[in-house]
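Here is a brief report on the fold, the strand pairing and the charged contacts of one chain. Please read it alongside the sequence and the coordinates.

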Amino acid sequence: MEVEIDAIVKSVFDQDPQVLSVLVVDDSGLCLAKQGSISEEAAGLVASIAARSEAVIAPSPQAVSPKSTIVQIEAESMTILVRRTANVVVGIFKNKTQQ
């Protein structure tokens, strides 16, 4: 599993030069992998954001599978993306591009 997580982190950095940090956590907020300047202390917050967003979009009784959410948080200098991928939560911290 560690190889898969490292592959996720590497692919994120390879695909987007604006990425500053990537944080991969489990459901309980344990940091499984980290690259970049973000603190491991953010791991619990990233897991919580994913769980709360999924609770907001709870599957209806007719739904075949639960919905996967992507949360985007905009700040003045940074964009944060949080998404569950398989059995981990990935937080991507990106430099905000000037438009």
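The buried residues of helix α1 pack against three strands: β1 (19–25), β2 (31–36) and β5 (88–95). This is a predicted model. The buried positions in α1 are I5, V9 and V12. They cover an arc of only 60 degrees around the axis, which places them on the same side of α1. A general rule fits here: an α-helix has 3.6 residues a turn, so residues three or four places apart point the same way. The other side of α1 carries exposed residues, namely V3, E4, K10, D14 and Q15.

The length of α1 can be checked too. It runs over residues 2–15, 14 residues in total. At 1.5 Å a residue, the expected span is 20 Å, and the end C-alpha atoms are 20 Å apart, so the two agree.

**Overall layout**

The chain contains two helices and five strands. Along the sequence their order is α-β-β-α-β-β-β. Of the 99 residues in the chain, 31% are buried. Contacts between residues at least 6 apart in sequence include a share of 36% that join residues at least 24 apart. The chain exposes about 6,500 Å², and carbon and sulfur atoms supply 55% of that area.

**Strand pairing around β5**

How many of the eight residues of β5 are buried? Six are, and the strand is mostly covered. β5 pairs with β1 through six bridges, and the two run antiparallel. Within β5, K94 stands opposite V19. β5 also pairs with β4 (residues 78–85), again antiparallel, through eight bridges. Here L81 has I92 in β5 as its bridge partner. β4 and β5 form a hairpin with two residues between them. A86, in the turn, has a positive phi of about 60 degrees.

**Helix α2**

A55 sits in helix α2 (residues 43–56). Its relative accessibility is 55%, so A55 counts as exposed. A55 and T69 are 14 residues apart along the chain, and their C-alpha atoms are separated by 9.8 Å.

**Salt bridges**

The structure holds five salt bridges. Three of them are listed here.

| Pair | Closest N to O distance |
|---|---|
| D14 and K10 | 2.8 Å |
| R84 and E54 | 2.7 Å |
| K96 and E74 | 3.0 Å |

D14 and K10 both belong to helix α1. They are four residues apart, about one turn of the helix. Is D14 buried or exposed? D14 is exposed, with a relative accessible area of 55%.

R84 and E54 form a salt bridge. This pair links distant parts of the chain: R84 is in strand β4, E54 is in helix α2, and they are 30 residues apart.

K96 and E74 meet through their side chains in another salt bridge. K96 lies in the segment after β5 and E74 in strand β3 (residues 70–74), so the pair ties together parts that are 22 residues apart in sequence. K96 has 27% relative accessibility and therefore counts as partly exposed. E74 is also partly exposed, with a relative accessible area of 43%. Finally, D27, E54 and R84 are joined into one network by salt bridges that share partners.

Conventions: Residues are numbered from 1 along each chain as its sequence is written. This is a predicted model: local features need pLDDT of at least 70, side-chain atom pairs count only at pLDDT 80 or more; totals for chains, interfaces and linings use all residues. Side-chain values use heavy atoms; hydrogens and water are left out. The expected span of a helix is 1.5 Å times one less than its number of residues. Buried means under 20% relative accessible area, exposed over 50%, partly exposed in between (1.4 Å probe, protein chains only). The arc is that of the directions from the helix axis to the C-beta atoms. Contact means heavy atoms within 4.5 Å. Accessible areas come from the Shrake-Rupley method with a 1.4 Å probe; for residues, only the protein chains shown count as cover. Two strands pair if DSSP finds at least two bridges between them. A salt bridge is a side-chain nitrogen of Lys or Arg within 4 Å of a carboxyl oxygen of Asp or Glu.
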